[in-house]
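User: I'm new to reading protein structures and I'd like a close look at a single helix here. Could you take me through it slowly and then show me what surrounds it in the rest of the chain?

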Amino acid sequence: MAKKHIIVDPITRIEGHLRVEAVIDENNKIVDAYASSTMFRGMETIMKDRDPRDCGLMAMRICGVCTGTHYQRSIEAVEDAFNVTIPKNARLVRNLIQGALYVHDHLVHFYHLHALDFVDVIAATKADPELTAKESVKWAEVAGHKPYISAAADFKAVQERLLKFVKEGRLGIFGNGYWGNNSYNLTPEQNLIGVTHYLKALDIQRDLAKMQAIFGGKNPHPQSIVVGGVTCVQDIKNPARIALFKSLLKEGTEFIKGAYLPDVYMAGTMYAKEATDSEATYTGKGGTGGGILNYMSYGDFKLDDTGFYNAENLFPSGIVMGADVSKVFEVDADKITEDVAHAWYEGTGAPEHPYVGTTIPKYTGLEKKEDGMAYLKTEEKYSWIKAPLYNGKKMEVGPLARMVVGYAKGDKRITKYVGNFLKRSGLPITVLFSTVGRTAARAIETELMADVMVEWVDELAKNVAMGDDSTWTEFDFDVVSKECKGAGMAEAPRGALGHWMVIKDGRVKNYQAIVPSTWNAGPRDETGQLGAYEAALIGTKVSNPEQPLEIIRTIHSFDPCIACAVHVVDTNGKELAVYKVDPNCAF
């Protein structure tokens, strides 16, 4: 039987523009896959010849989700170039701004972008609210917490709203789903729990977003981080602002522990078979969606004031190869390169280190088929994303990488939280190397982050109360900016993020950013190594090729953040227009 070709374009419920092509055999098993970003942006070219102190404000526009992370990484690249160490208060404020982003981003991703890959909304209409309440208590107990919602009346109210929408044909945000697909495993009651928490999370995420604005000035695009420190002096000296942050954090933590974690335990258990199905994998290890199994973390969230690359991290840096948690390799920034053999860019003939990297677009188009469908030229260039490499190897980055590296390094805090999940779920550590494991790692990290932020905000309040209100380190720009270079390498919610900057005579000579979704969504390199998305799909069994839910579930588990831009889409797939963009346009 001939192999079938599946195209999913665009992948929805992500940030940006992503296309996936998959080839399945006669058993509906994916035997090949290609991931392509379909829109060029060229942000790096905008940075050239700018004052490096201004680049953070532009870099944050790379993304409309993790705006503060790009902002901070760009600022840190300048601080690294200038050899500037920020004060304690600035370190703590930055940790709190980024920590607030993590818990907000992870919660929104699970419920509003990813949960419907596990939860069948229509099946929730068949649930018994009384049994649903008991089920809610059950999974909260498994997670070791009280259920955030446990009253049958609350579940019944949501079900009645949902039934009304279904009867009137007004599913709205729940429209166009693959409801009834055989790949959904939850019971009606479990589905009703998921839908109820989905709706409640819309309120919770709004309050979590406020946390970032307290010290960041606003959200999105916070404004309080500058080269040398932060500017929110009055906020850290105001007990009311500290109290508001803690109040919002407390409410959000209750939902994280009483809803988010129990839901992940529930999903992990009900999807445990595929999460441990090593036959449905690229490497023969882990479970469905495992992928390349090489994990990298740059490390992040400084715990002391000994300088950016000298401080102890909440998330340690390191590399784990082939899911072997018995060995951890240290990260050497000199071994990071980007390959453009299959990306729509011109290159220099070999993978380039970011300090000397180039961003020169070279679009070669798509193939045209007789059936009218345009396919990727998979033997040539097929994506606007480059292919990052570490020492010539592909890496996966993100919450799973951070948890795997921390666990492998024996980090006490991470080992405790990961160990709790494995013990309470009754699942083996190999479950982490799967789509389900990637999703679980994000929830584990969210609980950890919510807990540690209490320590940071108390440390900040105590330090200010003792009379230390310093938030900025002075430097002489004219002296330090003559000729230098620096890198801001740390973590974003989606994984390892680096901004590299070369400065000469007070201006940016070269600027390159390798974002988490560059690592994960990158195409093949010149040797044919698959990207993390591509490898994660190999071996996956698709129950219904007309409804490729399994493809969507695995891709969503990475929390793709491809680009931050707007374009016009015809819902019937018709090409509306073609535009040529000058990448050297003014900002």
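**A close look at helix α6**

Analyst: Let's start with the inside of the helix: Ala152, Phe155, Val158, Gln159 and Leu162 of α6 are buried. Viewed down the axis of α6, those buried residues stay within an arc of 130°, so they line one face of the helix. There's a handy rule behind this kind of pattern: an α-helix has 3.6 residues a turn, so residues three or four places apart point the same way. Before we go on, keep in mind that this is a predicted model.

Now flip to the other side of α6, where Ala153 and Lys167 are exposed. And what sits over the buried residues? The cover includes α5 (129-143) and α7 (188-216).

You can also check the length of α6. The helix runs over residues 152-168, which is 17 residues, and at 1.5 Å a residue they should span 24 Å. The C-alpha atoms at its ends are 24 Å apart, so the expected span and the model agree. Just past α6 comes Gly169, with a positive phi of about 70°.

Positive phi values turn up elsewhere too, and in residues that aren't glycine. Asp49 is one of them, with phi of about 70°. Asp49 sits in the loop between α1 (43-47) and α2 (55-59), and it is exposed, with a relative accessible area of 59%. Asp505 is another non-glycine with a positive phi, near 55°. The loop that holds Asp505 connects β17 (495-504) and β18 (507-514), and at 57% relative accessibility Asp505 counts as exposed.

Let's follow α7, one of the helices covering α6, a little further. The loop between α7 and β4 (225-226) contains Pro220, and the peptide bond joining Asn219 and Pro220 is cis, with omega about 5°. A cis bond also runs from Asp9 to Pro10, with omega near 5°; Pro10 is in the loop between β1 (4-8) and β2 (18-24).

Next, the nonpolar interior. The largest nonpolar core has 122 residues, and Phe82, Phe215 and Met449 have the most contacts inside it. Helix α13 (residues 435-465) gives the most to this core, with 14 residues. There is a second, separate core of 27 residues, which includes Ala33, Ile292, Ala521 and Ala532.

Phe215 is worth a pause. Leaving aside neighbours within four places in sequence, its contacts include Val93, Leu96, Ile97, Cys232, Ile236, Phe245 and Leu460. Among the contacts of Phe215 there are also Ser224 and Asp235.

One name there, Cys232, leads to the cysteines. Cys232 is buried, with a relative accessible area of 5%. Cys484 counts as buried too, at 14% relative accessibility. The closest cysteine sulfur to that of Cys484 belongs to Cys55 and is 12 Å away, too far for a bond. Across the whole structure, a search finds zero disulfides.

Last stop: helix α4 (residues 88-114), where you'll find Asn95. Asn95 has a relative accessible area of 4%, so it is buried. A polar atom of the Asn95 side chain lies 2.9 Å from the backbone oxygen of Lys302. Not counting residues up to four places away in sequence, Asn95 touches Phe301, Lys302 and Trp456.

Arg91 is in helix α4 as well. You might not expect an arginine to be tucked away, but Arg91 counts as buried, at 4% relative accessibility. Apart from residues up to four places away in sequence, Arg91 touches Ile86, Lys302, Leu303, Asp304, Asp305 and Glu459. So Lys302 turns up in both contact lists, for Asn95 and for Arg91. For a sense of scale, Arg91 and Ala535 are 444 residues apart in sequence, and their C-alpha atoms are 37 Å apart in space.

To come back to where you began: α6 has its buried residues lined up on one face, while Ala153 and Lys167 are exposed on the other side.

Technical notes
Residues are numbered from 1 along each chain as its sequence is written. This is a predicted model: local features need pLDDT of at least 70, side-chain atom pairs count only at pLDDT 80 or more; totals for chains, interfaces and linings use all residues. Side-chain values use heavy atoms; hydrogens and water are left out. Helices (H or I, at least four residues) and strands (E, at least two) are DSSP runs, numbered from the N terminus. Buried means under 20% relative accessible area, exposed over 50%, partly exposed in between (1.4 Å probe, protein chains only). A polar contact is a pair of N or O atoms within 3.5 Å; within protein, one must be able to donate a hydrogen and the other to accept it, and residues adjacent in sequence count only if both atoms are side-chain atoms. Contact means heavy atoms within 4.5 Å. The expected span of a helix is 1.5 Å times one less than its number of residues. The arc is that of the directions from the helix axis to the C-beta atoms. A nonpolar core is a set of buried Ala, Val, Leu, Ile, Met, Phe, Trp, Tyr and Cys residues joined through side-chain atoms within 4.5 Å. A disulfide is a pair of cysteine sulfur atoms within 2.5 Å.
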